[in-house]
Amino acid sequence: MQNKGAIKFFAIALAIVCLFQLSFTFFSKRVESKARNYSLNEEAKSQAKQLANGNAALEITLLDSISKSRERYYLDSMSNQPVYNILVRKYTYQEVKERELNLGLDLKGGMNVTLEVSVVDIVRALSGYSTNPVFTQAIDKAVEKQRNSQSDFVTLFGESFNEIDPNAKLAAIFNTVELKDRVTFNSTNEEVIEVIRQETKGAIDRTFNILRTRIDRFGVAQPNIQQLQTAGRILVELPGIKEPDRVRKLLQGTAQLEFWETYQFSDLVPYFEDANKRLASGAMDTTAVDTTSVAKADSVAKTAAPAKDTTATAKNDTSKSSLLDKISDTDTTNQDKKSFEKYAKENPLYAYMNPAIFPDKDGKYFPGQGATVGFSMIKDTARVNRMLKEVKGVFPRDLKLAWTVKPEKDRPEVLELVALKVTSRDGKAPLGGDAVVDARQDYDPNGRVEITMLMNSDGAKTWKRLTADNIGNQVAIVLDGYVYSAPRVNDEIPNGRSSITGNFSVEEALDLANILKAGKLPAPARIVQEEIVGPSLGRESINSGLASFVIAFVLVLLYMGFYYSRAGWIADIALVANIFFIFGVLTSLGAVLTLPGIAGIVLTLGMAVDANVIIYERIREELRAGKGLRLAIEDGYNNAYSAIIDGNVTTLLTAIVLYIFGSGPIQGFATTLIIGIITSLFTAIFFSRIIFERMLSKNKSISFDNSMTRDAFANVNIDFIGIRKILYLVSGVILFIGVISLATKGLNFGVDFTGGRTYVVRFDKEVSTNEVRASLTKQLGEAPEVKTFGADNQVKITTKYKIEEDNRTTDSLVETKLFEGVKQFYTTSMTRQEFTSDDEAKVLGRLSSQKVGPTIADDIKQG
């Protein structure tokens with residue numbers, strides 16, 4: 001073999017590099033092992049025991065909390081401390097952690113999200129929110145086209161605009177203040193489309209940078225965020241995340257901060273009375289009502305009203321409207337146990353939105369002195385929105401209604417509806433979030449969590465005027481369409497400093513402050529694909545993946561040693577070196593090891609063995625032909641090259657195609673397969689031969705068989721050509737059956753290709769998939785797919801319920817319905833929070849979830 005020196009040098013250099021890269025994983029795990037030992041020492045146990053004061057259950061809970069806190073403290077303290085010294089370089093724990101072998105989310109748990117920037121909203125904004133009928137029709141048509149097209153939205157919009165009206169000019173629509181320097185009335189449609197494309201790309205890039213800033217401030221270890229090849233799509237991987245809802249808010253929040261003037265509800269009472277009358281005339285279907293939840297909302301709204309809104313006096317009695325009479329009549333009617341169905345038919349709006357009417361000391365009802373117009377159960381807000389939209393013509397044009405972002409602690413299921421006043425011609429808020437230059441989480445004088453903001457000079461001037469004009473009234477602080485707080489203005493605020501208060505946790509306040517500091521997104525970024533893997537399922541994946549790998553590896557080693565004797569053990573050395581090189585190269589490239597990646601490594605083992613088998617069988621043929629050992633080895637290698645290279649190169653091309661067109665797990669599989677094929681070729685063709693050359697130079701004997709395998713398969717003679725006609729017939733029948741089946745039954749596409757949500761749920765006993773399916777059908781209104789997944793107490797549930805809806809509340813709603821549908825199959829009690837949590841010790845409930853939107857599903861299918 002020529003160039004043996006160069007091959008030896010390359011092998012040694014590669015081994016040193018791989019050993020160096022893998023050493024970071026060793027030192028990282030060593031520090032984490034010390035952190036675990038520190039977290040569970042006698043001091044932690046003694047502290048938990050002392051605090052529990054004899055309560056055994058509380059002691060276990062406290063020990064878990066204390067140990068996690070101590071482990072985090074230890075790792076944080078070691079973050080900037082040197083833990084690995086090599087030559088003149090010292091690596092801190094943080095640097096070591098960044099260079100260790102990365103495990104995919106399916107192995108360590110976490111959240112994988114694909115976001116799609118709403119190019120539709122960008123185009124609308126660039127047009128100045130034009131109401132031109134051709135423009136709006138073109139937008140709608142482009143949205144419809146995009147469902148089954150691989151072209152970008154801007155291209156589809158341009159095509160649709162020309163199809164609707166070939167003579168229409170885009171320049172007349174996009175000659176706005178922002179684009180006046182780039183779009184003139186003489187610009188052609190093609191030139192305008194190019195400008196829109198450039199502006200869209202810029203907006204997507206800004207979105208990417210803003211999201212990266214938000215994620216960096218979120219504090220996740222080793223996050224991964226990258227723009228995908230498809231325009232407007234961004235991949236975000238957050239390993240170890242345990243708060244999916246918090247992440248969704250962080251990623252999808254546009255940070256559209258607005259400050260609005262408000263109406264007094266007392267000024268709007270006649271309009272709501274008129275709306276209720278019109279709805280009662282039959283405009284809305286009010287069947288299938290939930291009397292329990294509405295009665296609860298009625299009770300909560302009236303008994304937990306803020307004190308500031310119960311200041312009605314006798315002078316209001318003269319202006320009492322018939323609406324107030326209705327409220328009094330309602331109480332009498334309820335006392336007479338009048339059915340809710342009948343009341344909902346007569347008063348459809350009030351049945352689901354309790355108006356902000358409060359009693360005085362004499363039991364008379366008056367409108368609250370504030371901007372809150374009513375209260376609704378969270379699950380009824382969509383119904384109220386539909387009713388108000390249907391009768392929006394009865395309300396003042398300058399009225400804008402918005403729900404509070406979350407309920408108060410003493411009213412956990414009720415949201416308030418707040419009346420905002422539009423004072424500008426363009427319908428925008430008097431003051432926006434662009435004026436905010438700094439924001440941080442803080443505490444008010446009463447110790448409640450708040451976000452303090454500092455405005456620029458222009459914002460401070462507007463804020464001063466806005467507060468001066470509304471002394472005694474409320475000013476609503478609205479973020480992304482939800483009211484976070486509506487403080488009453490007592491004095492003019494001249495310095496541009498203000499605060500957002502609400503029922504915040506510290507984490508929510510930190511996230512909101514980070515969003516405001518990072519800036520608002522140019523357009524909403526919607527989650528089109530999502531996967532959540534709990535840490536417990538990740539650990540099980542590691543165990544099962546390693547088990548499959550170790551079993552396959554050991555069986556291959558034993559087989560080769562048995563069948564090819566001493567030469568087989570040399571092949572085993574090459575296989576071990578191959579595995580070492582694969583993991584070393586994966587770490588060096590910063591690639592991620594996933595569960596499909598482990599499958600790729602196992603497949604690589606088979607291909608590596610295949611190469612050795614081809615070489616050894618050729619050598620055995622040469623030996624049977626009477627050649628000497630040295631010549632037989634040389635000819636065996638030379639004659640086997642073509643078959644080995646052909647088989648590996650074709651597989652390599654397939655892996656490259658998978659990597660380019662695939663996504664997520666497919667890319668993980670393709671990555672390890674590509675690396676494995678290259679290292680397999682090196683170890684099979686060069687590494688093992690160097691060992692043979694070394695042994696031959698020392699005149700050591702090399703055997704390629706034993707007494708049991710020496711003539712195995714040597715005299716096998718099957719006349720395939722002679723029976724070709726029979727085989728033609730068999731193949732033809734199989735193909736014919738396949739074609740008929742494909743034409744009649746079609747392919748059963750998975751959720752990746754059709755869109756939908758998939759959940760892996762584990763129970764504390766064996767369950768019937770038919771019973772689970774029937775229970776979920778009642779909740780979802782459609783039959784999901786339910787299959788046993790692994791053990792008999794674990795199922796995979798797939799549904800397309802509400803997959804077309806892109807909003808933050810839908811995912812939570814679906815998980816709520818999922819929990820309601822399966823909770824009856826648990827013998828132990830479980831709350832929704834326990835069911836959906838991603839705690840490390842969790843072994844029951846929703847272990848993982850996956851969401852694929854219909855748009856990205858079509859792209860995956862085409863790819």
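Tyr 564 and Tyr 616 are both buried in this predicted model, and their rings form an aromatic pair of the edge-to-face kind, with 5.1 Å from centre to centre and 70 degrees between the planes. Tyr 564 belongs to helix α20 and Tyr 616 to helix α21 (residues 595–624), so the contact ties together parts that are 52 residues apart in sequence.

Helix α20, which covers residues 535–589, also holds Tyr 559 and Tyr 563, and these two lie 4 residues apart, about one turn of the helix. An α-helix has 3.6 residues a turn, so residues three or four places apart point the same way. The rings of Tyr 559 and Tyr 563 have centres 5.6 Å apart and planes at 20 degrees, and because planes under 30 degrees apart count as stacked, this pair is a stacked one. The two residues can also be described by their accessibility: Tyr 559 is partly exposed, at a relative accessible area of 41%, whereas Tyr 563, at 8% relative accessibility, counts as buried.

These tyrosines belong to a wider arrangement, in which ring pairs link Tyr 559, Tyr 563, Tyr 564, Tyr 616, Tyr 637, Phe 692 and Phe 704 into a cluster. In the structure as a whole there are 30 aromatic pairs. Aromatic rings also meet charged side chains: the charged end of Arg 383 sits over the ring of Tyr 352, 4.4 Å from its centre, and Lys 421 lies over the face of Tyr 263, at 4.9 Å from the ring centre.

Another helix to examine is α8, which runs over residues 153–164. Its 12 residues should span 16 Å at 1.5 Å a residue, and this agrees with the 16 Å that separates its end C-alpha atoms. Within α8, the buried residues are Phe 153, Val 154, Leu 156, Phe 157, Gly 158, Ser 160 and Phe 161.

The last stop is the enclosed space, for the structure holds 3 cavities of 30 Å³ or more, and the largest cavity contains about 60 Å³ of space. Its lining is made up of Arg 248, Glu 530, Arg 757, Tyr 759, Asp 811, Glu 815, Ser 849, Gln 850 and Lys 851, which divide into 1 nonpolar, 2 polar and 6 charged residues. At least two lining residues come from each of β22 (756–762), α27 (808–822) and β25 (845–852), and β25 gives the most, with 3 residues.

Notes:
Residues numbered from 1 in each chain as written. Predicted model: local features only at pLDDT ≥ 70, side-chain atom pairs only at ≥ 80, totals over all residues. Heavy atoms only, no water. Expected span 1.5 Å × (residues − 1). Buried < 20%, exposed > 50% of the residue type's maximum accessible area, 1.4 Å probe, protein only. Phe/Tyr/Trp six-rings, centres within 6.5 Å; stacked < 30°, edge-to-face > 60°. Lys NZ or Arg CZ within 6 Å of the ring centre and 35° of its normal. 1 Å grid on protein atoms, 1.4 Å probe; cavity = no way out; pocket = protein on both sides within 12 Å on 5 of 7 lines; lining within 4 Å. Points joined across faces, edges and corners; volume = space filled by probe spheres on them. Nonpolar A, V, L, I, M, F, W, Y, C, P; charged D, E, K, R; others polar.
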